[in-house]
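User: I am a first-year student and would like a close look at one part of this model, the part where strands come together. Please take me through it slowly and explain the terms as you go.

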Amino acid sequence: MSSFTSFLYNSIFRRNTTMLATVFAGAFAMQLAFDTGSDRVWDSINRGRQWKDIKYKYIQKAEDDGDDDE
Amino acid sequence: MPALANTTRAIARSWTQHSLPVARASCGTMQSRSISEVHTTSSFDSPFKGQGSSTKIPNFGAYKSNKKSEDGPKLLQYFMVGTMGALTSLGAKATVQDFLVNMSASADVLAQAKVEIDLAAIPEGKNVIIKWRGKPVFIRHRTESEIKEAEDTKWEALRDPQSDADRVKKPEWLIMLGVCTHLGCVPIGEAGDFGGWFCPCHGSHYDISGRIRKGPAPLNLEVPEYDFPEDGKVVIG
């Protein structure tokens, strides 16, 4: 534990530049995680109601009718 | 009368002589009195009575970290500071992004910004006028002789000098905005003195490359952004 914390301190918090870089990288990672996570929650709440869930019914019908555009 | 005056004067003098040392003494006691003496003269019961000095610094040793290095509580402080900074930068970035996205074109505008045309339906030597962003666009499928005529023109001496190669991507397809550069009328195709377009409003003549040759218009017909993504298809915009 002590070696881990000292490694953490020496690698990240010792220099302001690495600290800043870590903060911005962390912000980027947080945004990615938040966006994908909230999207997944939204999709799971609205399962079966969105266009991408029911698209296959209409796209197949369009192909049966003829070579229409999507 | 004088005797009375003398007596009052003497009384007054003796009073001042008497009172002065008392005042001096009280001054001295005020200056030199310490906390221990206060309770003898004041009814206020001081919580610090009996103590020599009121300044007693408590010992925080029990709360101090024994570690000499930077890890431990300080690491947690740094971690919290960094997390706070990351959240703040995330919020700032989202705010700025929202404002910028708000300024950019919306999806319905972008959907109308491009037009795709099937070129196979246009026979050689024919004009097609399509609507793009509310304006007419001329598409001319030029014949070999028209291409040769457009390329052989001495364009250096024209009013708006521009070579035919600068105005077309494929020589057989001439694509340009159908808006006269004079006052914005729509020129008539296959008309005029130079076999190209003729503006009926004020008599501007454009040649088969859309260049102004005669009349009041100052510039050649404008060429929009277009691309040939595959053979027989053109995307304007």
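Analyst: Let's begin with a rule: two strands pair if DSSP finds at least two bridges between them. The strands themselves (E, at least two residues) and the helices (H or I, at least four) are DSSP runs, numbered from the N terminus. Residues are numbered from 1 along each chain as its sequence is written, while chains are lettered from A and ligands numbered from 1 in the order in which they are written. This is a predicted model, in which local features need pLDDT of at least 70 and side-chain atom pairs count only at pLDDT 80 or more, whereas totals for chains, interfaces and linings use all residues.

Now find strand 3 (residues 135–141) of chain B. On one side, strand 2 (residues 127–132) of chain B runs antiparallel to strand 3, joined to it by six bridges. If you look across this pair, you will see Phe138(B) in strand 3 facing Ile129(B). The hairpin made by strands 2 and 3 of chain B has two residues between the strands, and there Arg133(B) has a positive phi near 55 degrees.

Strand 3 of chain B also pairs with strand 4 (residues 173–177) of chain B, again in the antiparallel sense, over five bridges. One pair to look for here is Arg140(B) with its bridge partner in strand 4, Leu174(B).

Strands 3 and 4 also lead us to the largest nonpolar core, which has 17 residues. Such a core is a set of buried Ala, Val, Leu, Ile, Met, Phe, Trp, Tyr and Cys residues joined through C-beta atoms within 7 Å. A residue is buried if 20 or more other C-beta atoms lie within 10 Å of its own, exposed if 12 or fewer, and partly exposed in between, with C-beta atoms placed from the backbone. Ile175(B) and Met176(B) have the most contacts inside the core. Strand 3, strand 4 and strand 6 (195–199) of chain B are the elements that give two or more residues to it.

Which residues does Ile175(B) touch, leaving aside its neighbours within four places in sequence? They are Val137(B), Ile139(B), Val223(B), Pro224(B), Tyr226(B), Val234(B) and Ile236(B). Contact here asks that two C-beta atoms, placed from the backbone, lie within 7 Å.

Further along the chain there is an open sheet of four strands, in the order 5-6-7-8 (chain B) and with antiparallel pairing. Its edges are strand 5 (188–189) and strand 8 (212–214) of chain B, each of which pairs on one side only. Two bridges link strand 7 (residues 204–207) of chain B with strand 8 in the antiparallel sense, and Tyr206(B) has Ile212(B) in strand 8 as its bridge partner.

Finally, step back to see where these strands belong. Chain B has six helices and 10 strands, and 16% of its 237 residues are buried. Of the contacts in chain B between residues at least 6 apart in sequence, 45% join residues at least 24 apart. For a contrast in setting, try helix 3 (residues 73–103) of chain B: one of its 31 residues is buried, so this helix lies largely in the open. Chain A, for its part, has three helices and zero strands.
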